[in-house]
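Open the model in your viewer and keep the sequence panel beside it. The tour goes stop by stop, with something to select at each one.

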Amino acid sequence: MTELFANTRVGVIQLDRRGRIVEANDRARRLLRRHDGLSDQRGMLRAAAPEDDDRLQGLLARALPRSGGQGASGAMLVSRPSLRPRLVLHVKPVAHLGPDCRSRFVAVLVLIVNPLERTRLDPDLVQAVLGLTPAEARIAILLAENRTPRQIAAATGRAYSTVRTHLKHIFAKLGVSRQVEVAQLVLALSSLPGSGDQGPAPPA
């Protein structure tokens, strides 16, 4: 958690069980201060575009179920008034982050990455963060490498119809409708710790 929070390539926001902001690292604070796609409104995380905010609040509601059950991870693209490339936002429910007192109050991590800042792709990370199966993660990575579904079928030894079925499942899990959106979500993950950090990057 310390490595993630200190990472200069990823914006990290911690939310409590009510969905209120507990803490944010420097990169996330800059975005929130500039209202560049996301903002802190009275302690609540909001997206600038109404359609993005609807999606964000839905993701947070699923990550923080009122029934007390297990929360669900999710991801989305966030438009920016600055006209810079859309940000990729990952919502991850957490149980307990460590021995420090503050972590006991953290229920959700929001990770914010710029899809243009990337290195290599880690299949295990893609699978874990996006909630995909190993086969779906491999197909998603191949999409991010600009492969077409037919090329993916040839590369993986699967039938084209099977690849199309996997793609439908990927779209449903990620809440997207286009292959390019899947590629953007996958490529953004290369900025996370454990994906091959290239060092400090300029502000988002």
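Select Asp36 to begin. In this predicted model, Asp36 has a relative accessibility of 4%, and it counts as buried because the limit for that label is under 20%. Now add Arg80, which is buried as well, at 6% relative accessibility. Arg80 and Asp36 form a salt bridge, and their closest N and O atoms are 3.0 Å apart. The two residues come from distant parts of the chain, 44 residues apart: Arg80 sits in the loop between β5 and β6, and Asp36 in the loop between α2 and β3 (38–41).

Why can such a pair form? Side chains of opposite charge can pair when their charged atoms come close.

**Other salt bridges**

Move to helix α2, residues 26–34, and select Asp26 and Arg29. They are three residues apart in this helix, which is about one turn. Their salt bridge has its closest N and O atoms 2.8 Å apart. Asp26 is exposed, at 52% relative accessibility, while Arg29 is partly exposed, at 31%. Add Glu23 to the selection: salt bridges with shared partners join Glu23, Asp26 and Arg29 into one network.

Next, select Asp16 and Arg18. These two also form a salt bridge, with 3.9 Å between the closest N and O atoms. Is each partner buried or exposed? Asp16 is buried, with a relative accessible area of 13%, whereas Arg18 is exposed, at 65%. The count for the structure comes to seven salt bridges.

**The sheet**

Switch to a cartoon view and find the open sheet of five strands. In what order do the strands lie? The order is β2-β1-β7-β6-β5, and the pairing is antiparallel. Select β2 (21–24) and β5 (74–78), which stand at the edges. Each has a single partner strand, so one side of each is left without a neighbour in the sheet. Looking across the strands, you will find a twist that averages 20° from one strand to the next.

Now select β6 (residues 87–93) and β7 (residues 108–113), which pair in the antiparallel sense over six bridges. Within this pair, His90 has Leu111 of β7 as its bridge partner, and Pro93 stands opposite Val108 in β7. On the other side, β5 and β6 are joined in the antiparallel sense by five bridges. There, Ala75 stands opposite His90 in β6. Colour β6 by accessibility if your viewer allows it: five of its seven residues are buried, so β6 is largely enclosed by the rest of the structure.

Show helix α8 (residues 179–188) next. This helix packs on the sheet and touches β5, β6 and β7. The direction of α8 makes about 105° with that of β5.

**The nonpolar cores**

Turn on side chains and select Val126, Leu130, Ile170, Val182 and Val186. Of the 38 residues in the largest nonpolar core, these touch the most other members. Which elements each supply at least two residues of this core? They are β5, β7, α4 (123–130), α5 (134–144), α6 (149–156), α7 and α8. Helix α5 gives the most, with seven residues.

In soluble globular proteins, nonpolar side chains tend to be buried together.

Keep Leu130 selected and show what surrounds it. Neighbours within four places in sequence aside, Leu130 is in contact with residues including Ala75, His90, Leu174, Val186 and Leu189. Ala75 and His90 are the pair from the sheet that stand opposite each other.

Apart from this core lies another, of 23 residues. To find it, select some of its members, among them Ile13, Leu32, Val78 and Ala107.

**Last stop: His166**

Select His166, in helix α7 (residues 160–174). Is His166 buried or exposed? It counts as buried, at 16% relative accessibility. Show the residues around it. Leaving aside neighbours within four places in sequence, His166 is in contact with Ala135, Glu136, Ile139 and Arg158.

Technical notes:
Residues numbered from 1 in each chain as written. Predicted model: local features only at pLDDT ≥ 70, side-chain atom pairs only at ≥ 80, totals over all residues. Heavy atoms only, no water. Pairing = 2+ DSSP bridges. Helix = DSSP H or I, 4+ residues; strand = E, 2+ residues; numbered from the N terminus. Axes fitted to C-alpha atoms, helices over the stretch in contact; angles between N-to-C directions. Contact = heavy atoms within 4.5 Å. Buried < 20%, exposed > 50% of the residue type's maximum accessible area, 1.4 Å probe, protein only. Core = buried A, V, L, I, M, F, W, Y, C linked by side-chain atoms within 4.5 Å. Salt bridge = Lys/Arg side-chain N within 4 Å of Asp/Glu carboxyl O.
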